[in-house]
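Take a moment with the sequence and the 3D view below. We will walk through them step by step, from the whole chain to single residues.

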Amino acid sequence: MPSSKQKTIDERLAEHSRRIRLMEEVFMPMARASMEILNGKDGQPGMAENVRNIRADLEELIQSQKAEQSESRAIRKDGFDRIGSLEDWRRELDMATDIKMAGVKMSANTKIALINGLFVLLTGLVTYFASR
C-alpha cells in the first residue's frame with residue numbers, strides 16, 4: 001500500500017504532467033500564433049510592420065493636409081482681395097455714372113427714367129389738346 005507521502009508525490013507529478021501537456025497543446029500554439037501575428041509569416045508583414053507603415057502614412061497625410069490648408073488659406077486671401085478690388089471698382093463705376101441734372105446728383109438710369117416720364121407726360125398733353 002502506497003504511503004500518503006507517495007500518493008501526494010504521484011498527485012503532484014500528475015498535476016505537473018497535466019500542466020505541461022496543457023502548455024504544449026494550448027499555450028505554445030497560442031504563443032506561436034501571436035508571434036506570427038506580431039512579426040508576420042514568411043514574406044508577409046506583421047502587425048508591428050503594419051503599425052510602422054500606418055504611422056509613416058499618417059505623418060505624410062498630416063504634412064500634405066497642412067500644405068493644402070496653407071495653400072487654401074492663400075487662395076482664399078487672394079480671392080477676398082480680388083473681391084475687394086472688384087467692389088471698389090464697381091463703386092467707382094457707380095460714382096462715374098452719377099450725373100448732375102439741375103443741380104441734383106442722380107444715376108444715369110434715373111435720368112433715363114425721368115426723360116421717359118417727361119415724354120409720356122408730353123404725349124398725354126399733346127393727345128389731350130389734340131382731341132379738343
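How many helices and how many strands are there in the chain? Count three helices and two strands. Keep in mind that this is a predicted model. Now follow the elements from the N terminus: their order is α-α-β-β-α.

Next, look at the overall spread. The chain has a radius of gyration of 47 Å, while the globule rule gives 14 Å for 132 residues. The first value is well over the second, so the chain is more spread out than a compact globule. The box around the C-alpha atoms tells you about its dimensions. Along the principal axes, that box is roughly 155 × 35 × 30 Å.

What about the surface? Just 2% of the 132 residues count as buried. A residue gets that label when its relative accessible area is under 20%. The accessible surface of the chain adds up to about 12,200 Å². Carbon and sulfur atoms account for 61% of this surface. Charges are part of the picture too. The chain carries 21 positive and 20 negative charges. Take the mean position of each set, and the two points are 6 Å apart.

Now zoom in on helix α1, which covers residues 4-39. It has 36 residues. From its first C-alpha to its last, α1 reaches 49 Å. That is close to the 52 Å expected at 1.5 Å a residue. Where does α1 bend? The bend is at M23, and it is about 40 degrees. Just after the helix comes G40, with a positive phi of about 95 degrees.

Stay with M23 for a moment. Its relative accessibility is 46%, so M23 counts as partly exposed. That label covers values between the 20% and 50% cut-offs. D78 is 55 residues away from M23 along the chain. In space, their C-alpha atoms are separated by 70 Å.

P29 is another residue of α1. It is partly exposed as well, with a relative accessible area of 35%. Compare its position with that of H16, 13 residues away along the chain. The C-alpha atoms of P29 and H16 are separated by 19 Å.

Finally, move to helix α3, residues 108-130, where V126 lies. Is V126 buried or exposed? Its relative accessible area is 54%, so V126 is exposed. The cut-off for that label is over 50%. Now trace a path from V126 back to M28. The two are 98 residues apart in sequence. Their C-alpha atoms lie 115 Å apart in space.

Technical notes: Residues are numbered from 1 along each chain as its sequence is written. This is a predicted model: local features need pLDDT of at least 70, side-chain atom pairs count only at pLDDT 80 or more; totals for chains, interfaces and linings use all residues. Side-chain values use heavy atoms; hydrogens and water are left out. Helices (H or I, at least four residues) and strands (E, at least two) are DSSP runs, numbered from the N terminus. The expected span of a helix is 1.5 Å times one less than its number of residues. The bend at a residue is the angle between axes fitted to the seven residues ending there and the seven starting there. The radius of gyration is taken over C-alpha atoms; the globule rule is 2.2 Å times the number of residues to the power 0.38. Buried means under 20% relative accessible area, exposed over 50%, partly exposed in between (1.4 Å probe, protein chains only). Accessible areas come from the Shrake-Rupley method with a 1.4 Å probe; for residues, only the protein chains shown count as cover. Lys and Arg count as positive and Asp and Glu as negative; His and the chain ends are not counted. The place of a charge is taken as NZ of Lys, CZ of Arg, CG of Asp or CD of Glu.
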